[in-house]
Amino acid sequence: MDELEFARQQIIATRRYTQKLLDITPADRWFSFPEPVHTHIAWQVGHLAMAQFRLCIYYVRPVLAEDQAVISDAFMSHFRAGTRPVADPAAYPPLDEILRTFNAIHEHILGNWWRYAEMDMHEHANCHPHRVVTTRLDALTWAARHEMLHTGQIGLLRRLLGCESMW
């Protein structure tokens, strides 16, 4: 298996795990702030959608109009690094839009994976200095690891909300 296919498989496997965790999490708990944590599941999911766009598209290749049709700048502005989650659901897109975008960007990236085959994945990524990402391949492999970090936070949030752990 080559490096690019390995990155794709890691993104798919990580999302499968994340999705299983989300599927067993009651939607009415997604905006809850369990003490002492100052985040919620809805923000984590929106952040993952935004980050997957940036890591798998923006950092790797030119952004196309069809990419922008999947996730808007307005959506991303709620979930960028440095934003502080708030408990008010009205401050965010509706939960169904967060989920739709989360799933749509993932499917869009996998559906356009062929674009990477002709690219040199060891060229510098299109990002400012980043503490993990240097090359295009780094951006793709970090996408899976970054998602798993936030999935761990989702798991912790679930436990703090009284949900059962998932194995």
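Buried means under 20% relative accessible area, exposed over 50%, and partly exposed in between. The model is predicted. With that scale in hand, start at two neighbouring tyrosines. Tyr58 has a relative accessible area of 32%, so this residue is partly exposed. Tyr59 comes to 10% and is therefore buried.

The two side chains also form a ring pair. A pair of aromatic rings is described by the distance of the centres and the angle of the planes. For Tyr58 and Tyr59 the centres lie 6.1 Å apart and the planes meet at 55°, so the pair is tilted. Phe79 and Tyr92 make another pair, with centres 5.6 Å apart and planes at 20°, which means stacked. This second pair links distant parts of the chain. Both Phe79 and Tyr92 lie in the loop between helix H4 (73-77) and helix H5 (95-111), 13 residues apart. Phe79 is buried, at 0% relative accessibility. Tyr92 is buried too, with a relative accessible area of 9%.

Now widen the view. The structure holds five aromatic pairs. Ring pairs join Phe31, Phe75, Phe79 and Tyr92 into a cluster. Another aromatic ring, that of Phe102, has a charge over it: the charged end of Arg15 sits 3.7 Å from the ring centre.

Next comes the largest pocket. Its space is about 420 Å³. Of the 15 residues that line this pocket, the closest to its centre are His47, Tyr59, Ala81, His130 and His146. Tyr59 thus appears in the tilted pair and in the pocket lining. Helix H2 (41-58) and helix H6 (136-160) are the elements that give two or more residues to the lining. The largest share, five residues, comes from H2. By character, the lining divides into eight nonpolar residues, four polar and three charged.

Ahead of H2, look at the backbone. Pro36 lies in the loop between helix H1 (3-23) and H2. The peptide bond from Glu35 to Pro36 is cis, with omega near 0°.

That leaves the cysteines. Why does the count of disulfides come to zero? A disulfide needs a pair of cysteine sulfur atoms within 2.5 Å. The sulfur of Cys56 is 13 Å from the closest cysteine sulfur, in Cys127, so the gap is too far for a bond. Seen from Cys127, the closest cysteine sulfur is that of Cys56, again at 13 Å and too far. Their surroundings can be compared as well. Cys56 is buried, with a relative accessible area of 0%, whereas Cys127 is partly exposed at 22%.

Terms used
Residues are numbered from 1 along each chain as its sequence is written. This is a predicted model: local features need pLDDT of at least 70, side-chain atom pairs count only at pLDDT 80 or more; totals for chains, interfaces and linings use all residues. Side-chain values use heavy atoms; hydrogens and water are left out. Buried means under 20% relative accessible area, exposed over 50%, partly exposed in between (1.4 Å probe, protein chains only). On a 1 Å grid over the protein atoms alone, a cavity is a set of points where a 1.4 Å probe fits but cannot get out, and a pocket is an open set with protein on both sides within 12 Å along at least five of seven lines; lining residues have an atom within 4 Å of a point. Grid points are joined across faces, edges and corners, and a volume is the space filled by probe spheres set on the points. Helices (H or I, at least four residues) and strands (E, at least two) are DSSP runs, numbered from the N terminus. Ala, Val, Leu, Ile, Met, Phe, Trp, Tyr, Cys and Pro count as nonpolar, Asp, Glu, Lys and Arg as charged, and the others, Gly among them, as polar. Rings of Phe, Tyr and Trp (its six-membered ring) pair if their centres lie within 6.5 Å; planes under 30 degrees apart count as stacked, over 60 as edge-to-face and the rest as tilted. A charge sits over a ring if NZ of Lys or CZ of Arg is within 6 Å of the ring centre and within 35 degrees of the ring normal.
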